[in-house]
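This report goes through the fold, the core and the aromatic contacts of one protein chain. The sequence and the structure are shown first.

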Amino acid sequence: MKNKIISIIRLLFYFANIILAGLYLFPGSILGWILYDNMYKQPQITSDIIVSTNHVYAFILLTILGVFSFNHKIKELFLYLFSISIIFELLHLIIPNRGFEFSDLFGNIIGVLIIYLMKNIFHILNRKKI
């Protein structure tokens, strides 16, 4: 049963990667196009606070799915997540109708860092209980 749940979460992780790549690499805003019929308008879940909160939420979700899917390869997972968080934003320099923004880049990185730090804190707390 546990392996089946992990397999489902892993599929969700792969699916989330594909969706995120599509959202990032589309020349404009797919969600703005769908929701507002305006591919230049980005929907906001919450107001930005120094960094893009949408990006923080997206990478928190992706990182959580990754941690549950690949707990046995955690270093590789975080290297991958940090890499795509940077590469996707850098690609906005060359994708039409998109723009590189440090607030988006830092939002991506903070989303990964939050889960990275939480995982390390839980690991330390569980180790002390033994």
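## Burial along H1

A residue counts as buried when its relative accessible area is under 20%, and as exposed when it is over 50%; values in between are called partly exposed. By that cut-off, the buried residues of helix H1 are Ile-9, Phe-13, Ala-16, Asn-17, Leu-20, Ala-21 and Tyr-24. An α-helix has 3.6 residues a turn, so residues three or four places apart point the same way.

H1 itself has 24 residues. From first C-alpha to last it reaches 34 Å, close to the 34 Å expected at 1.5 Å a residue.

## Overall fold

The model is predicted. Its protein chain holds 5 helices and 0 strands, in the order α-α-α-α-α along the sequence. The C-alpha atoms fill a box of roughly 55 × 30 × 25 Å along the principal axes.

Of the 130 residues in the chain, 34% are buried. The chain exposes about 8,700 Å², and carbon and sulfur atoms supply 71% of that area. Among contacts between residues at least 6 apart in sequence, 64% join residues at least 24 apart.

## Nonpolar core

In soluble globular proteins, nonpolar side chains tend to be buried together. Here the largest nonpolar core has 21 residues. Those with the most contacts inside this core are Phe-13, Leu-20, Phe-59, Leu-62, Leu-81, Ile-84 and Phe-88. Two or more core residues come from each of H1, helix H3 (53-69), H4 and helix H5 (102-129).

What does Phe-88 touch, leaving aside residues up to four places away in sequence? Its contacts are Leu-20, Ala-21, Tyr-24 and Leu-25.

## Aromatic pairs and a charge over a ring

Ring centres within 6.5 Å make a pair, and by this rule the count comes to 9 aromatic pairs. One of them joins Phe-13 and Tyr-80, at 6.4 Å centre to centre with 65 degrees between the planes. Planes over 60 degrees apart count as edge-to-face, so this pair falls in that class. Phe-13 lies in H1 (residues 2-25) and Tyr-80 in H4 (residues 74-91), so the pair ties together parts that are 67 residues apart in sequence.

The two partners differ in burial: Phe-13 is buried at 4% relative accessibility, whereas Tyr-80 is partly exposed at 35%. Both belong to one aromatic cluster, formed by Phe-13, Tyr-14, Phe-70 and Tyr-80.

A charge also sits over a ring: Lys-41 lies over the face of Tyr-36, at 4.4 Å from the ring centre.

Notes
Residues are numbered from 1 along each chain as its sequence is written. This is a predicted model: local features need pLDDT of at least 70, side-chain atom pairs count only at pLDDT 80 or more; totals for chains, interfaces and linings use all residues. Side-chain values use heavy atoms; hydrogens and water are left out. Rings of Phe, Tyr and Trp (its six-membered ring) pair if their centres lie within 6.5 Å; planes under 30 degrees apart count as stacked, over 60 as edge-to-face and the rest as tilted. Helices (H or I, at least four residues) and strands (E, at least two) are DSSP runs, numbered from the N terminus. Buried means under 20% relative accessible area, exposed over 50%, partly exposed in between (1.4 Å probe, protein chains only). A charge sits over a ring if NZ of Lys or CZ of Arg is within 6 Å of the ring centre and within 35 degrees of the ring normal. A nonpolar core is a set of buried Ala, Val, Leu, Ile, Met, Phe, Trp, Tyr and Cys residues joined through side-chain atoms within 4.5 Å. Contact means heavy atoms within 4.5 Å. The expected span of a helix is 1.5 Å times one less than its number of residues. Accessible areas come from the Shrake-Rupley method with a 1.4 Å probe; for residues, only the protein chains shown count as cover.
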